[in-house]
Amino acid sequence: MFRTQVTFIDACRAAGVHHLIKLSGLNAGRETTFVFSNMHKRIEEHLRGSGMAWTSLRPTGFMQEYIFEAPSIVNDGSLYLALDNIKLSPVDLMDVGKVGFQLLRDGGYHGEVLPMTGPDLLSMADVAQHLSTATGRKVRYVPISPLERWRALVAAGIPTEVADALDKQVHERLQGGSESTIELSTHKRFNVLPTSFSQFAERHAMDFGAGQ
């Protein structure tokens, strides 16, 4: 990601692009051990030094990430995550896309950082309850250890280096931080109605086993 995006930034500068919008991450502005947040941070630094006008759109984790958990939800009605009782504020990627569209269409917001989260703080038990309501099937949250999660990812074919990176993200999330806050200022500035997790779950009910 770092090499690709830095190369793209340099190509834009060489082509005379005046304003570049960076889809980044909520934690790109702070010290973090999560490799992908660190890459976002380094890419933003390169962009700021490019001489072009820039805008950084910084969403938190996407609601859509829970679709990756659909197999265990469909097969045995369980959501296995190593997040204990921590609460997170996932954002719907469609909300992020609506803001990104306006930025690309209208320009402006030069030199601004635009954070985005969802409208609710949710424990994984809350997530499971929303999925139960949307699908009409009982979904339970089963907390597992970070090591169990790492082993499950590797067993599923995830490269070890990616599993290691996601393990660091888990440990950071367990400490709380910006992903455990609600930040809707960007939604308000762009007149985007925040999508709740219950709305997301209803929209993707079939993905999570409704009717099965």
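These questions and answers cover Y80 and the nonpolar cores of a predicted model.

The model is predicted: local features need pLDDT of at least 70 and side-chain atom pairs 80 or more, while totals for chains, interfaces and linings use all residues. Residues are numbered from 1 along each chain as its sequence is written, and side-chain values use heavy atoms, leaving out hydrogens and water.

Trainee: Which strand holds Y80?

Mentor: Strands are DSSP runs (E, at least two residues), numbered from the N terminus. Residues 78-81 form the one in question, and Y80 sits in β3.

Trainee: Is Y80 buried, partly exposed or exposed?

Mentor: Buried means under 20% relative accessible area and exposed over 50%, with partly exposed in between (1.4 Å probe, protein chains only). Y80 has 27%, so Y80 is partly exposed.

Trainee: Which side chain joins that of Y80 in a polar contact of 3.1 Å?

Mentor: A polar contact pairs N or O atoms within 3.5 Å; within protein, one must be able to donate a hydrogen and the other to accept it, and residues adjacent in sequence count only if both atoms are side-chain atoms. The partner of Y80 is D76.

Trainee: Which element supplies the largest share of the largest nonpolar core?

Mentor: A nonpolar core is a set of buried Ala, Val, Leu, Ile, Met, Phe, Trp, Tyr and Cys residues joined through side-chain atoms within 4.5 Å. The largest has 20 residues. α3, β3, α5 and α9 each supply at least two. The largest share, four residues, comes from α5.

Trainee: How many residues has the other core, with V96 and M116 among them?

Mentor: That core lies apart from the largest one. V99 and L114 are also among its residues, which number nine.
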